[in-house]
Amino acid sequence: MTSETGPSPGDATLRRRIQPWEFEVFFDPRELRREACLLYEIKWGSSSKIWRNSGQNTSKHVEVNFIEKFTSERPFCPTISCSIVWFLSWSPCWECSKAIRAFLSQRPNVTLVIYVARLFHHMDQQNRQGLRDLINSGVTIQIMTASEYDYCWRNFVNYSPGEEAHWPRYPPSWTMMYALELRCIILSLPPCLKISRRCQHRLTFFSLNFRNCHHQMILPHTLFAMGMIQPSVTWR
């Protein structure tokens, strides 16, 4: 059912919500915006209360800003479990992946799930290894789908009255391409997703380039599903 009033004026998270245009420009999987945005929620123990907030890059990456804020604002209590969910416009770089693992190694009661809209410099081997190291340390990393976009819109965005269900519907092809590339990263396969830019025409090209190893290591039904995507997609 669509809300006619937008977020409730009494909503404790209202002042921490971002504007619709911010959500659209940061989390559009087709855009290669340099800045990163983090939407996050924290749940302590068995409490039903969820703390939500957002952050952006400063002189440091947004992941490091979160870790510093988290560790400075609340004393560590090893007897209380803590569940953290991140919605990131870019996946962590290798340095942030290292910082996240260090943060989690000191807090075994903390679990982290990360949803990302795009993969940051995904052809860089250090970034690829950083994501694998995070996953191997117990962090869940997934590409954002329509379900996560809907969830973020309803819980993190200060949408206008009557627009509760008006979250941006991005073509699923980009989500599927990033999901396939993340699968390649997890399996230690070479990149299959290539992103190139022609600045003079302001065009960004997304294309899939499979090798024999991709066909050998990725399940046939996964590749069959990806066959619905055209070999090359252009976005202006």
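A residue counts as partly exposed when its relative accessible area lies between the limits for buried, under 20%, and exposed, over 50%. With that in mind, and remembering that this is a predicted model, the tour can begin at a loop residue.

**Stop 1: two residues with positive phi**

Select Ser188, which sits in the loop between H6 and strand S6 (193–198). Its relative accessibility is 49%, so Ser188 counts as partly exposed. If you read out the backbone torsions there, phi of Ser188 is near 60°, a positive value in a residue other than glycine.

Next, select His121, which belongs to the loop between strand S4 (110–116) and helix H4 (125–136). Here too phi is positive in a residue other than glycine, with a value near 40° for His121. Is His121 buried or exposed? At a relative accessibility of 55%, His121 counts as exposed, because the limit for that class is over 50%.

**Stop 2: the pairing of H2 and H3**

Now display helix H2 (residues 62–73) together with helix H3 (residues 94–105), whose axes come within 9 Å and cross at roughly 20°. Angles under 35 degrees count as roughly parallel, and H2 and H3 are therefore roughly parallel to each other. The handedness of the crossing of H2 and H3 is left-handed.

To see which side chains make up this contact, select Glu63, Val64, Ile67, Phe70 and Thr71 on the H2 side, and Cys96, Ala99, Ile100 and Phe103 on the H3 side. Coloured by class, the residues of the contact between H2 and H3 separate into seven nonpolar, one polar and one charged.

**Stop 3: salt bridges**

How many salt bridges does the structure hold? There are nine salt bridges in the structure. Side chains of opposite charge can pair when their charged atoms come close.

Start with Lys60 and Glu68, which form a salt bridge whose closest N and O atoms are 2.8 Å apart. Both partners fall into the intermediate accessibility class: Lys60 is partly exposed, with a relative accessible area of 36%, and Glu68 counts as partly exposed at 37% relative accessibility.

Then move to helix H5 (residues 146–156) and select Asp150 and Arg154, whose side chains meet in a salt bridge with an N to O distance of 2.6 Å. Because Asp150 and Arg154 are four residues apart in H5, about one helical turn separates them. Arg154, with a relative accessible area of 29%, is partly exposed.

Keep Arg154 selected and add Glu164, since Glu164 forms a further salt bridge with Arg154, in which the closest N and O atoms are 3.3 Å apart. This pair links distant parts of the chain, with Glu164 in the loop between H5 and helix H6 (172–186) and Arg154 in helix H5, 10 residues apart. Glu164 counts as buried at 14% relative accessibility. With the three residues shown together, Asp150, Arg154 and Glu164 can be seen to be linked in a network of salt bridges.

**Stop 4: Trp153**

Finish in the same region by selecting Trp153, whose place is in helix H5. Trp153 has a relative accessibility of 2% and so counts as buried. Which residues is Trp153 in contact with, leaving aside its neighbours within four places in sequence? Among them are Arg17, Pro20, Phe23 and Glu24, together with Tyr159, Glu163, Glu164, His166, Trp167 and Pro168. As a last check in the viewer, take the C-alpha to C-alpha distance from Trp153 to Pro168, which is 8.6 Å for residues that lie 15 apart in sequence.

How values were computed
Residues numbered from 1 in each chain as written. Predicted model: local features only at pLDDT ≥ 70, side-chain atom pairs only at ≥ 80, totals over all residues. Heavy atoms only, no water. Axes fitted to C-alpha atoms, helices over the stretch in contact; angles between N-to-C directions. Parallel < 35°, antiparallel > 145°, perpendicular 65-115°, else oblique. Left-handed = near helix turned anticlockwise from the far one by under 90°. Contact = heavy atoms within 4.5 Å. Nonpolar A, V, L, I, M, F, W, Y, C, P; charged D, E, K, R; others polar. Salt bridge = Lys/Arg side-chain N within 4 Å of Asp/Glu carboxyl O. Buried < 20%, exposed > 50% of the residue type's maximum accessible area, 1.4 Å probe, protein only.
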